[in-house]
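Colleague: I should be grateful for a close look at a single part of this model. Please describe its surroundings, its partners and the path the chain takes from it.

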Amino acid sequence: MKRYHVTTFGCQMNQHDSERMKGMLESLGYAEAGAPAEADLILFNTCSIREKADERFVAHLEQAKGLKRADPQRIIGVGGCWAQSVKEDVFRRFPYVDVAFGPGQVHKLAEFLTSDSLTAQGFFEFGGFTGHLPAKRARDLQGWVQISVGCNMNCSYCIVPSTRGREVSRPLVELVAEVERMAADGVREVTLLGQNVNAYGRDLRPQRTSFAELLGALDGISGLDRVRYTSPHPKDMREDVVLAHVQLPTVCEHVHLPLQAGSSRILKAMRRTYTRERYLDRVALIREHVPDAALTTDVIVGFPGESEEDFVQTLGVCEEVGFDGAFTFIYSPRRGTEAATFTEGLVPHEVAVERMERLVEVVQRRARQRAQRFVGRELEVLVEGPSRTDPARLRGRTRHNKVVNFDGVAAPGDLVGVTIVAATSQTLTGEMSLVAAAAAR
Ligand code: 5AD
Ligand code: SF4
């Protein structure tokens, strides 16, 4: 039997796509290998969001080159956003690569493997949904659902519109059927994935659908406890989506709302289509209807033209909102993007690093403060397995997407009550309630 190994870089959409690659390969009769050295087919699902992502991948590819030299029968495949961004160039730069494909052409990998082709081939059209392929899920209880591919926004720093193409939504009935199958299979929590999830459905014909309608349609599915989604765009965070968090029991009390910058001037240069005030209005709308919701965000520091005053505005928004968590990034110019052509006001790396440190201080301090609201409360926790730091304890996740390490006896997939006794910026600590423990058993 032939064996494959997939190394995944990048975002949750890439993790989803890798599960579909694995599902497709297993339907072709391949089995998963524990390490690249044991595999006949070595695959990389790549990311290109920042320069670091590129560099990490290239180091892995060098190792695969050594393995191929030892056994020239081995096939090396490169999929994902980096492959899409360099296209045929991949074969010139890395002549030992046999097959390369973009995120919209994962299905072509099967075609390549079942053909007798001995020459390297690349597949870079946009169009296919990986969501149509069979999945091999990494976790039994949690599943990804690809609701749309591509992005119609034009953020000046972002490579994604060029690697994943224009936005295309999958029909609502198809998604409902997919989640029904997953729930019947034991999945209790789904995460809806898209580059801009809350723009979902506007392109569907004959009938346009909205993201809030999709949430409503998924809510009644039997066996499904939790629905999450990532990432929404602040401009499309309308009242109907916010109200879904209040009205639909499955929709979790967590919104990841990428800020990127807190200065309206920089937001404009980023082409984010909202101002600082509009962003804060959206936060106020969420807090008005779902006061307890966890809010997380993405922030970029050191964007071209970002002055000390602009950066202080970003710090101000983070201070004012008090996010429950944030992913913070130093701006990295990406080939083909508008911002990569900017030449004025470039921020020296040391300045960006220093700003990043100040930002992280604010983000962590506010997250720690915010997390204290959970201390003393009993929260619903979906058990994932043993704690990573202490195998004698359990680990799970709250509806707010906080990781909880706790004492108790329960099986993965159980929903239990945990009383929180301590909170840091990242994780909660607690004890399982006895009543819940009895119910779980
Ligand atoms: N440089 C730095 N960070 C970036 N992101 C996207 N493009 C870039 C870039 N060129 C960040 C954004 C986005 C997250 C997934 O990655 O914050 O929300
Ligand atoms: Fe995901 Fe963006 Fe990286 Fe592509 S470039 S894998 S969409 S983070």
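Modeller: The part I have chosen is strand 10, and I begin with its pairing; please bear in mind that the model is predicted. On one side, strand 7, which spans residues 142–146, pairs with strand 10 in the parallel sense over 5 bridges. Within this pairing, Leu193 of strand 10 has Gln146 opposite it. Strand 10 also pairs with strand 11, residues 226–230, again in the parallel sense and over 5 bridges. Here Thr191 has Arg228 of strand 11 as its bridge partner. The connection between these two strands runs through helix 8, residues 211–219, and the resulting β-α-β crossover from strand 10 to strand 11 is right-handed.

The surroundings of strand 10 may be taken next. In a regular strand, side chains alternate between the two faces of the sheet. On one side of strand 10 lie Glu189, Thr191 and Leu193, on the other Val190 and Leu192, and these residues are all buried, so that both faces are covered. Because 5 of the 5 residues in the run 189–193 are buried, strand 10 is largely enclosed by the rest of the structure. Thr191 and Leu193 thus appear twice in this account: each is buried on the one face, while Thr191 is bridged to Arg228 and Leu193 stands opposite Gln146.

A remark on cysteines completes the description. A search of the whole structure finds 0 disulfides. Cys47 counts as buried, because its relative accessibility is 11%, and Cys81 likewise counts as buried, at 9% relative accessibility.

Conventions. Residues are numbered from 1 along each chain as its sequence is written. Chains are lettered from A and ligands numbered from 1 in the order in which they are written. This is a predicted model: local features need pLDDT of at least 70, side-chain atom pairs count only at pLDDT 80 or more; totals for chains, interfaces and linings use all residues. Side-chain values use heavy atoms; hydrogens and water are left out. Buried means under 20% relative accessible area, exposed over 50%, partly exposed in between (1.4 Å probe, protein chains only). Helices (H or I, at least four residues) and strands (E, at least two) are DSSP runs, numbered from the N terminus. Two strands pair if DSSP finds at least two bridges between them. A crossover is right-handed if, with the strands pointing away from the viewer, the path from the first strand over the helix to the second runs clockwise. A disulfide is a pair of cysteine sulfur atoms within 2.5 Å.
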